[in-house]
Amino acid sequence: MSTEHLNFLEEIITEDLKNGKNNGRVLTRFPPEPNGYLHIGHSKSIVLNFGLAKKFGGKTNLRFDDTNPVTEDTEYVESIKEDIKWLGFEWENEFYASDYFEQIYEFAVTLIKKGLAYVDDSTAEEIAALKGTPTEPGKNSPFRDRSVEENLDLFARMRKGEFKDGEKTLRAKVDMASPNMLLRDPLMYRIKHVHHHRTGDKWCIYPMYDFAHGQSDSIENITHSICTLEFESHRPLYNWFIEQLGIFPSHQYEFARLNLNYTVMSKRKLLQLVNEKHVSGWDDPRMPTISALRRRGYTPESIRDFCERVGIARRENVIDVGLLEFCIREDLNKNATRRMAVLNPVKLIIDNYEEGKTEMLSGENNPEVEGGGGTRDIPFSKELWIEREDFMEEPPKKFFRLGPGLTVRLKHAYIVKCESYKKDAEGNVSEIHCIYYPESKSGSDTSDIKVKGTMHFVCAKNAVPVQVNLYDRLFSVENPQAEEGDFKTYMNPESLKVIENAYAEADMKNTKPGDKFQFIRLGYFCADKDSTSEKLIFNRTVTLKDSWSKEQKKA
RNA sequence: UGACCGAUGGUGUAACUGGCAACACGUUUGGUUUUGGUCCAAAAGAGUCCAGGUUCGAGCCCUGGUCGGUCAACCA
């Protein structure tokens with residue numbers, strides 16, 4: 001631990017603690033807006049906020065930033081809570097910005113009384129026109145100098161519902177000439193006669209982000225309010241409101257959000273994929289959402305590990321999905337039960353094996369666990385299914401699998417030698433005939449035969465038919481939103497391949513949704529949530545590393 | 001052409017705060033292996049965006065550039 005490096009936020013907190021700031025108290029918050037499902041980018045923020053608090057003996061609140069009722073919904077609230085819990089975090093309090101509407105309203109009244117806020121009758125267009133540009137200062141609104149009394153009266157009537165949507169706004173009186181656009185008399189309240197998922201029809205005016213977030217932080221006595229880089233220019237305003245109100249000085253710190261290649265992360269785009277049915281839903285295993293990763297077979301441990309590995313800094317970054325895949329492989333390699341399944345079956349017949357006989361072989365559940373993690377029975381008989389890719393009529397030099405005259409071991413079973421093969425009318429290999437060496441039985445091999453390869457198989461007689469969904473990256477380009485035109489035109493047409501007729505070994509009959517396996521030599525798979533005992537469905541979480549395909553590409 | 005922020009191997013993050021650029025992923029090579037997985041061993045790969053300056057010494061400090069990001073929603 002002595003060589004452990006602190007990220008810049010840990011350094012700040014360490015320093016704060018040293019200086020006795022906030023009496024050594026650390027309170028962070030995770031503030032999602034309930035207008036979509038959480039994605040892998042949010043998990044970075046979650047791990048950061050909860051992790052920081054935990055590391056420094058503090059707590060973390062969950063606070064829904066629900067100030068815009070038009071896009072928000074309780075469905076999202078529920079999914080967000082589920083995802084955070086699943087990731088393994090517990091919040092100290094469950095709060096909602098809407099809990100504070102009354103208090104935030106009072107804050108606004110306070111600012112009006114101090115002459116620091118005014119009701120503006122301008123339309124959105126007029127406000128925009130007077131806003132100026134980044135290089136030119138803005139101009140004062142003609143309503144900027146209304147009296148305190150008039151502002152108080154108007155604001156009260158806004159609340160009462162006397163005005164239509166957009167007819168009036170409440171704005172902070174800061175500085176229309178500020179080089180920071182956000183300080184050019186930002187909107188504090190707007191009128192929306194919209195039903196709110198929590199406050200119902202109690203309110204028809206809603207505070208804007210800038211007049212809700214910092215205030216909520218302050219109300220909760222948040223010490224370190226951590227957000228992403230794009231809020232950086234909001235910080236002066238964040239501080240301005242807190243200062244003018246004289247309330248608890250929460251502090252905002254920004255870090256660079258997580259970007260992943262071969263996917264999109266904006267909630268707007270994800271919502272579009274869902275609404276336009278490009279995916280089956282928010283938890284379609286190809287999505288970068290937490291619910292999708294869960295359904296695909298990712299574990300909370302692997303996601304937390306990933307979030308820790310990507311680090312925390314203030315520079316833009318794009319993380320290779322390969323790192324995420326590494327994290328889940330590392331976890332599942334240690335923990336996933338090994339089983340055999342054949343995705344693209346072709347029949348293998350052992351000519352010298354007794355007709356009608358079935359013997360039970362034993363296979364360890366996980367070689368990574370001491371003692372092999374127990375064993376299960378694997379039936380073996382004359383007819384087996386093997387992977388079509390494991391046989392070649394004219395095998396190249398380093399092909400350590402089956403082909404005419406070639407010898408391999410069948411995992412947990414016998415060594416077999418290919419004697420001949422048959423083809424169907426279309427010219428596809430339909431039967432591979434082998435002989436087996438009875439004395440080469442796994443565990444008691446006295447044959448002294450050396451083989452280069454080991455293959456998986458499924459006993460045909462006892463095979464369990466299963467559906468397997470092979471997932472690949474959702475997009476075929478690294479950064480879809482940087483490409484020309486609609487990002488959806490860059491979706492990977494092969495992001496999902498459904499295999500209806502795969503076979504799994506007999507032991508897998510009783511698989512339950514969520515069960516995770518390594519299908520030997522193929523990858524990690526997770527029983528889908530829709531999987532039943534009548535119809536088993538497996539999602540491929542991630543393939544195994546495959547140095548053979550690399551070898552092939554070289555040739 | 002305003003303000004703010006950023007720039008270190010292919011990617012990401014470090015560098016004890018001014019002392020011979022490290023770790024992880026990835027890549028390559030070899031070994032082990034009844035998973036072409038795992039594991040083990042090794043290698044290649046940046047001289048820190050550029051130009052000046054301060055200093056015995058700069059990735060860290062200063063000046064000026066370059067490039068990238070963010071900001072003109074009644075979104076968050």
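In this predicted model, a backbone N or O atom of S122 lies 3.2 Å from a base nitrogen of RNA strand B. Two other residues approach the sugar part of the strand's chemistry or its linking oxygens: a polar side-chain atom of D65 lies 3.3 Å from a sugar or linking oxygen of RNA strand B, and a polar side-chain atom of E316 likewise lies 3.3 Å from a sugar or linking oxygen of that strand. Several elements give two or more residues to the surface near RNA strand B, namely β6 (187–191), α11 (300–310), α12 and α13 (547–554). Of these, α13 supplies the largest share, with four residues.

Taking the surroundings of the RNA as a whole, 63 residues stand around RNA strand B, and those that come nearest are V310, S442, Q518, R521 and K550. When the residues of this surface are sorted by character, 21 are nonpolar, 19 are polar and 23 are charged. On the RNA side, 61% of the atoms of strand B within 4 Å of the protein belong to sugar or phosphate, while the rest belong to bases.

Helix α12, one of the elements that give residues to the surface near the RNA, leads on to a sheet. This is an open sheet of seven strands with mixed pairing, and following it from one side to the other gives the order β10-β23-β24-β25-β21-β22-β11. Strands β10 (337–339) and β11 (341–342) stand at the edges, and because each has a single partner strand, one side of each is left without a neighbour in the sheet. Helix α12 (residues 321–335) packs on the sheet, where it touches β10, β23 (516–519), β24 (523–527) and β25, and its direction makes about 120° with that of β25. Within the sheet, strand β21 (residues 464–471) and strand β25 (residues 536–543) run parallel and are joined by four bridges. A reader who wishes to find this pairing in the structure can look for V466, which stands opposite L536 in β25.

A last stop is a single residue, N151, which is found in helix α6 (residues 148–160). Is N151 buried or exposed? Its relative accessible area is 2%, so N151 is buried, since a residue counts as buried when this value is under 20%. The side chain of N151 reaches the backbone oxygen of R146 at 3.3 Å. Leaving aside residues up to four places away in sequence, N151 touches I112, A117, Y118, V119 and R146.

Terms used. Residues numbered from 1 in each chain as written. Chains lettered and ligands numbered in written order. Predicted model: local features only at pLDDT ≥ 70, side-chain atom pairs only at ≥ 80, totals over all residues. Heavy atoms only, no water. Pairing = 2+ DSSP bridges. Contact = heavy atoms within 4.5 Å. Axes fitted to C-alpha atoms, helices over the stretch in contact; angles between N-to-C directions. Near = heavy atom within 4 Å. Polar contact = N/O pair within 3.5 Å; in protein donor to acceptor, adjacent residues only side chain to side chain. Nonpolar A, V, L, I, M, F, W, Y, C, P; charged D, E, K, R; others polar. Buried < 20%, exposed > 50% of the residue type's maximum accessible area, 1.4 Å probe, protein only.
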